[in-house]
Every structure is written in C-alpha cells, then in structure tokens.
Amino acid sequence: MSVIDGQAFKNILACWAAGITVVSVNADDDWQAITVNSFASVSMVPPLVCLNIANRLDTRKYMAAEGHFAVSILSDKQLDMGKRFAGYFDDRLENRFDGLDCAVTDLGDPILPDVMAWLSCIVEFSRDVGENTMFIGRVVQGGWTDDKLPLLYHNRQWGVFQPTEDK
C-alpha cells in the first residue's frame with residue numbers, strides 16, 4: 001500500500017491541534033475504538049504517528065493482532081462522540097458504534113462520521129511501556145475538511161473547542 005503524500009499529511013495534522021482523537025480497528029468485523037489524547041506526529045518523511053493505548057483495553061489487543069488502525073480527529077461539534085468512545089455512556093450503549101454511519105478505510109477500519117480529519121495507518125513498530133503499548137503507525141490514507149474546529153481538552157474539561165479569535 002502506498003504512503004500518503006506529505007502535503008495531505010500536513011493538512012490533516014493541522015486539524016489536530018492537540019485535540020481529541022479516537023483510534024479504531026476492525027478485527028473480523030468486530031469494531032473496537034477508544035478515545036486517546038496521546039497522539040502525535042513522529043515523522044513527515046515517511047509520515048508516521050505515535051499513540052499509546054492501555055494494555056488492558058481490547059482496542060490495543062486488536063491493533064497489535066491486526067497490524068493496522070484508523071484515527072478520527074473530532075470536531076468541536078462532537079463532544080458526545082468523544083464521551084461515547086471514552087466510555088461515558090457504556091451503561092446506555094451495548095456497542096459504541098450503535099447508530100453511527102461510519103466510513104471504512106481501505107484497510108477496513110472504521111472512521112467516525114463527520115470528523116474533522118482521519119488517518120489510516122499500518123503498525124510499523126510497537127513496544128510495551130509499562131501499563132501501555134506505544135504504537136508507531138505509517139500513514140497510508142487520510143482525509144480532512146477545512147470547515148471545522150477541533151474538539152480540545154482544556155483544564156480537564158470536555159467540550160472546549162479552538163477559539164476562532166484571540167480575546
């Protein structure tokens with residue numbers, strides 16, 4: 001599979017701005033996903049990203065077994081989506097994907113609807129680091145929109161978004 005071009009990768013990362021991301025994976029039609037905030041770019045050439053996932057999570061186990069994953073970068077209008085995949089509504093949802101019209105990457109991983117940007121990655125490297133596993137993913141596909149603001153963490157509160165102007 002080819003690698004995404006550098007300019008497209010830069011455009012996608014420009015959407016991120018330390019915002020909330022959801023990592024997802026498809027393992028035999030069993031979609032798994034979790035909200036992560038330890039997502040970063042590692043290299044532009046080749047385009048690589050890094051994220052850490054707790055070893056106890058099913059998403060991490062599937063990523064290690066399947067060797068690929070997708071990253072959805074949430075927009076400021078997706079507060080409930082961030083909470084959903086962080087487990088806030090587990091008592092009300094049998095499956096976190098219920099009712100969502102997700103797209104699918106060429107590798108088969110789900111992309112959440114109406115996100116700001118997304119990436120499809122192949123695991124290049126993984127390493128256990130205590131209670132987490134660090135994954136380095138080679139970006140092979142992605143997309144973005146320019147008409148949204150990122151959903152950010154701020155002072156441990158959900159729902160803060162990137163301001164449009166300085167005050």
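Where is the place of Val42? The legends below take up that question and several others, using a predicted model.

**View 1. Val42 and a partner that is distant in sequence.** Val42 has its place in strand S3. With a relative accessibility of 47%, Val42 counts as partly exposed. Follow the chain onward to Ile136: the two residues are 94 positions apart in sequence, yet their C-alpha atoms are 8.1 Å apart in space.

**View 2. The S3–S4 hairpin with its cis proline.** Here strand S3, residues 39–43, meets strand S4, residues 48–54; the two run antiparallel and are joined by four bridges. Phe39 is a handy landmark, standing opposite Leu51 in S4. The hairpin passes from S3 to S4 through four residues. In the loop between these strands you will find Pro46, and the peptide bond that leads from Val45 to Pro46 is cis, with omega near -5°.

**View 3. The open sheet, strand by strand.** Seven strands make up an open sheet, and reading across gives S2-S1-S5-S8-S9-S4-S3, with antiparallel pairing. Why is one side of S2 and of S3 left without a neighbour in the sheet? Both strands stand at the edges and each has a single partner strand, so one side of each stays free of a neighbour. On average, neighbouring strands of this sheet are turned by 35° against each other, direction ignored. As a reminder, strands of a sheet pair through backbone hydrogen bonds, in parallel or antiparallel fashion.

**View 4. The S1–S2 pair and the loop at Asp28.** Strand S1, residues 21–27, runs antiparallel to S2, and seven bridges join them. Across this pair, Ser24 stands opposite Ala33 in S2. The loop between S1 and S2 holds Asp28, whose phi is positive at about 55° although Asp28 is not a glycine. Is Asp28 buried or exposed? At 75% relative accessibility, Asp28 counts as exposed.

**View 5. Asp114, another residue with positive phi.** Asp114 lies in the loop between strand S7 (110–111) and strand S8 (117–129). Its phi is near 60°, a positive value in a residue other than glycine. Asp114 is exposed, with a relative accessible area of 52%.

**View 6. The largest pocket.** This pocket has a volume of about 220 Å³. Its lining counts 13 residues, and those closest to the centre are Gln32, Ala33, Asp58, Thr59 and Arg96. Strand S2 (30–36) and helix H2 (58–66) each supply at least two lining residues, and S2 gives the most, with four. By character, the lining divides into six nonpolar, three polar and four charged residues.

**View 7. Two cysteines, Cys50 and Cys102.** Cys50 is buried, with a relative accessible area of 14%. Cys102 is likewise buried, also with a relative accessible area of 14%; the cut-off for buried is under 20%. How many disulfides does a search of the whole structure find? The search returns zero.

**View 8. The whole chain, for orientation.** The chain has three helices and 11 strands. Starting at the N terminus, its elements run α-β-β-β-β-α-β-α-β-β-β-β-β-β. Buried residues make up 47% of the 167 residues in the chain.

Key
Residues are numbered from 1 along each chain as its sequence is written. This is a predicted model: local features need pLDDT of at least 70, side-chain atom pairs count only at pLDDT 80 or more; totals for chains, interfaces and linings use all residues. Side-chain values use heavy atoms; hydrogens and water are left out. On a 1 Å grid over the protein atoms alone, a cavity is a set of points where a 1.4 Å probe fits but cannot get out, and a pocket is an open set with protein on both sides within 12 Å along at least five of seven lines; lining residues have an atom within 4 Å of a point. Grid points are joined across faces, edges and corners, and a volume is the space filled by probe spheres set on the points. Ala, Val, Leu, Ile, Met, Phe, Trp, Tyr, Cys and Pro count as nonpolar, Asp, Glu, Lys and Arg as charged, and the others, Gly among them, as polar. Two strands pair if DSSP finds at least two bridges between them. A disulfide is a pair of cysteine sulfur atoms within 2.5 Å. Buried means under 20% relative accessible area, exposed over 50%, partly exposed in between (1.4 Å probe, protein chains only). Axes are lines fitted to C-alpha atoms, for helices over the stretch in contact, and angles run from 0 to 180 degrees between N-to-C directions.
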